[in-house]
Amino acid sequence: MASILIVDDESNVRRMLSRLLESEGHAIAEAANGREALEAIRASEPDVVLLDLVMPELDGIQTLARLTDERPGLPVVMMSGR
């Protein structure tokens with residue numbers, strides 16, 4: 001199964017997605033903001049990133065730009081509750 005990094009500043013969203021995806025057999029890592037996401041992709045190599053669009057510090061677009069610089073070709077799914 002896939003290794004998935006969930007990046008969202010809402011802990012309840014991360015928890016819900018983690019439980020759902022873990023129940024399907026995926027390995028999950030979480031980050032609460034863009035800076036944590038960048039640290040997480042350096043520490044491990046997720047197969048895909050689920051990335052919130054609206055976050056403090058680095059928003060989703062800023063984080064996406066840095067993620068693609070560091071890991072070109074890494075699949076990223078942008079998501080937003082807005």
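Student: What makes the contact between the side chains of Glu70 and Arg42 a salt bridge?

Tutor: This is a predicted model. A salt bridge needs a side-chain nitrogen of Lys or Arg within 4 Å of a carboxyl oxygen of Asp or Glu. The side chains of Glu70 and Arg42 meet at 2.5 Å, N to O, so the pair satisfies that cut-off.

Student: Which parts does this pair tie together?

Tutor: Glu70 lies in helix α3 and Arg42 in helix α2, so the salt bridge ties together parts that are 28 residues apart in sequence.

Student: Why is Arg42 called exposed, and why is Glu70 called partly exposed?

Tutor: Exposed means over 50% relative accessible area, and partly exposed lies between that and the 20% limit for buried. Arg42 has 54%, so Arg42 is exposed. Glu70 has 35% and therefore counts as partly exposed.

Student: How many salt bridges does a search of the whole structure find?

Tutor: The search finds 3. One of them joins Glu30 and Arg14, with the closest N and O atoms 3.2 Å apart. That pair links distant parts of the chain, Glu30 being in strand β2 (residues 27–31) and Arg14 in helix α1 (residues 11–23), 16 residues apart.

Student: What makes Arg14 buried and Glu30 partly exposed?

Tutor: Buried means under 20%. Arg14 has a relative accessible area of 13%, so Arg14 is buried. Glu30 has 42%, and therefore Glu30 is partly exposed.

Student: How do you know that Glu57 forms a salt bridge with Arg35?

Tutor: The closest N and O atoms of Glu57 and Arg35 are 3.0 Å apart, so the pair is within the 4 Å limit. This pair also links distant parts of the chain: Glu57 is in the loop between β3 (48–52) and α3, Arg35 is in helix α2 (residues 34–43), and they are 22 residues apart. Arg35 has 41% relative accessibility, so Arg35 counts as partly exposed.

Student: What is the phi of Glu57?

Tutor: Glu57 has a positive phi of about 65° although it is not a glycine. Most residues other than glycine have a negative phi.

Student: Why does Leu67 count as buried, and why does Leu64 count as partly exposed?

Tutor: Leu67 lies in helix α3 (residues 60–70), and the place of Leu64 is also in helix α3. The relative accessible area of Leu67 is 1%, so Leu67 is buried. Leu64 has 25% and therefore counts as partly exposed. From C-alpha to C-alpha, Leu64 is 9.9 Å from Asp52, with their positions 12 residues apart in sequence.

Student: Which residues form the nonpolar patch on the surface?

Tutor: Leu53, Val54, Ile61 and Met78 form the patch, with about 300 Å² of accessible area together. Residues of a patch need over 30% relative accessible area. Met78, in strand β4 (residues 76–79), has 32% relative accessibility and therefore counts as partly exposed.

Student: What lines the largest pocket?

Tutor: The lining includes Asp8, Asp9, Glu10, Asp52 and Arg82. Val13, Val54 and Met79 also belong to the lining, as do Ser80 and Gly81. The pocket has a volume of about 170 Å³.

Student: How many residues of each class does the lining of the largest pocket have?

Tutor: By class, the lining has 3 nonpolar, 2 polar and 5 charged residues. Gly is counted among the polar residues, so Gly81 falls in that class.

Technical notes: Residues numbered from 1 in each chain as written. Predicted model: local features only at pLDDT ≥ 70, side-chain atom pairs only at ≥ 80, totals over all residues. Heavy atoms only, no water. 1 Å grid on protein atoms, 1.4 Å probe; cavity = no way out; pocket = protein on both sides within 12 Å on 5 of 7 lines; lining within 4 Å. Points joined across faces, edges and corners; volume = space filled by probe spheres on them. Patch = residues over 30% accessible without salt bridge, like charges linked within 9 Å, V, L, I, M, F, W, Y side chains within 5 Å. Areas by Shrake-Rupley, 256 points an atom, 1.4 Å probe, with all protein chains shown as cover. Helix = DSSP H or I, 4+ residues; strand = E, 2+ residues; numbered from the N terminus. Buried < 20%, exposed > 50% of the residue type's maximum accessible area, 1.4 Å probe, protein only.
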